[in-house]
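Subject: Structure handover

Hello,

Here is the structure for you to look over. My notes on it follow below the entry.

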Amino acid sequence: MNRRGRALLSVVALVAAGGCKARDRGWAVEQAEIEGELEELRALGYIDYAEAPDAAASGAIVHRAAGLSPGYYLYGTSTGCAARLVDVAGREVHAWRMQPCRYWRATELTPEGDLLVLGMDPPGGSGRPEFIARLAWDGAVRWKRMLTTHHDLELRPDGTILVLTLTHTVVPEYALPILDDQLTFLDPDGQVLRQLSMWRMIHAGATGFVPERVTARRGTHDVLHTNSVETMRRAELVARHPLYALGNVLVASRRQNAVFVFDPVGERLVWSFGPGLLDGPHDATVLDDGNLLVFDNGWRRGRSRVVEIDPLAGAIVWEYPGKAGREFFSKSRGSAQRLGNGNTLLGNSNTGQALEVDRSGQPVWEFNNPHLDSKGRRGVILRIRHLPAALVEPLLARGR
């Protein structure tokens, strides 16, 4: 029997015994034994190169210059450990890279010009491969912490960092362990301050949400597969509903076809939306008026869309595409951002493309990832964000 088989049999034995050893030293050893399986579980449905190569020219296409917000676009790809800043013409104006490295999962630019990064080291190391790092504007690594990170991170208003992490745990609802997604809070230097189990917070809430049962893959149930985090920070919305309380956290869950709002102080779920309407969503964000923007992948439906949700009405109030002939599809990943002028920037990740549209759905700006493999396939775009010129241009001037 191979190593993986022995590890999984040991896990089954622990569960059969009631899971009482789930937190002892033996469990830690078994968790390390199947660490290699985590990456496969996390990568379900994720690809490195475009599913449907496009004949369009690489780079940017400006459809309506008058409809653009001044600024730049930050994006990362699965092809190498790099993030790039481009202008509206698609010209690269700055980039960050890290080696040795396997790939990056998420990035965020800080107001100081540092880049927060979630990534993985190359295979073959003695410990866990996942990390969070902070890079200076010139690419120098300020710090790097090994942690079971995945999918998303956020710099919070108080300077702390919120990141999604994973752990194994045993719960009564399943006969094998689950991958429990955690909200992990770090200090500005990347040291862990607190970790909260989302599975436990869902069951501690009084919202009535019942998790859909998820079939095990290779012996472990990936029941939530969360992929985005955002902290509530708009004081003007607080009086409208408890979900907007400052410090609450908005999360998207691909496996539960839902978006959640967690209260990390009370350690409970306070609001949810999606089952029956959303299909494998990603990248939930809060808009200035309190509505939510979500990239709804449609991985069963076979067609993606960006939806705007009124959380108080529990209804979808806008979506793109809204008309036939504008369909697009990214089975996994995907991003959506509402810009200051009302436009929506979407990352059609698995085709290596991005599109900015106005409120009526008319295209304003388009970008085709120019980084190709030897077969001419585009590298996927992990996520793309528009950054205002007022943030980027002083940083560019400082770096010259």
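A residue is called buried when its relative accessible area is under 20%, and exposed when that value is over 50%, with partly exposed in between. Please keep in mind that this is a predicted model.

P281 is a clear case for that cut-off: its relative accessible area is 0%, so P281 counts as buried. This proline sits in the loop that runs between strand 16 (268-273) and strand 17 (282-286). Leaving out residues up to four places away in sequence, P281 touches N227, A252, S253, R254, N257, A258, V294, F295, D296 and N297. As for S304, it is 23 residues from P281 in sequence, and the two C-alpha atoms are 9.3 Å apart in space.

Now the protein as a whole. There are 400 residues, and 57% of them count as buried. The secondary structure consists of five helices and 25 strands. Taking the contacts between residues at least 6 apart in sequence, 54% join residues that are at least 24 apart. The accessible surface is about 16400 Å², and carbon and sulfur atoms account for 52% of that area.

Next, E154. This glutamate belongs to strand 9, which covers residues 149-155. Is E154 buried or exposed? The relative accessible area of E154 is 5%, so this residue is buried. Its side chain makes polar contacts with two other side chains: that of T231, at 2.6 Å, and that of R233, also at 2.6 Å. Both of these partners appear among the residues in contact with E154 once neighbours within four places in sequence are set aside. The others in that set are E108, T160, I161, L162, V229 and E230.

On to the charged pairs. Side chains of opposite charge can pair when their charged atoms come close. How many salt bridges are there? The count comes to 21. I describe three of them here.

E92 and R97 form a salt bridge through their side chains, with 3.7 Å from N to O. Both ends are partly exposed: E92 has a relative accessibility of 41%, and R97 has a relative accessible area of 47%.

R134 pairs with E112, and the closest N and O atoms of this salt bridge are 3.5 Å apart. R134 is in strand 7 (residues 130-135), while E112 is in the loop between strand 5 (103-109) and strand 6 (115-120), so this pair ties together parts that are 22 residues apart in sequence. R134 is buried, at 12% relative accessibility, whereas E112 is partly exposed, at 46%.

R142 forms a salt bridge with D114, where the closest N and O atoms are 2.8 Å apart. Here R142 lies in strand 8 (residues 141-146) and D114 in the loop between strand 5 and strand 6, so the pair connects parts that are 28 residues apart in sequence. At 51% relative accessibility R142 counts as exposed, whereas D114 is buried, with a relative accessible area of 6%. Through shared partners, salt bridges join E112, D114, R134 and R142 into one network.

For a look on screen, I would begin with P281 in its loop between strand 16 and strand 17, then turn to E154 in strand 9, and finish with the network of E112, D114, R134 and R142.

Regards

Key. Residues are numbered from 1 along each chain as its sequence is written. This is a predicted model: local features need pLDDT of at least 70, side-chain atom pairs count only at pLDDT 80 or more; totals for chains, interfaces and linings use all residues. Side-chain values use heavy atoms; hydrogens and water are left out. Helices (H or I, at least four residues) and strands (E, at least two) are DSSP runs, numbered from the N terminus. Buried means under 20% relative accessible area, exposed over 50%, partly exposed in between (1.4 Å probe, protein chains only). Contact means heavy atoms within 4.5 Å. Accessible areas come from the Shrake-Rupley method with a 1.4 Å probe; for residues, only the protein chains shown count as cover. A polar contact is a pair of N or O atoms within 3.5 Å; within protein, one must be able to donate a hydrogen and the other to accept it, and residues adjacent in sequence count only if both atoms are side-chain atoms. A salt bridge is a side-chain nitrogen of Lys or Arg within 4 Å of a carboxyl oxygen of Asp or Glu.
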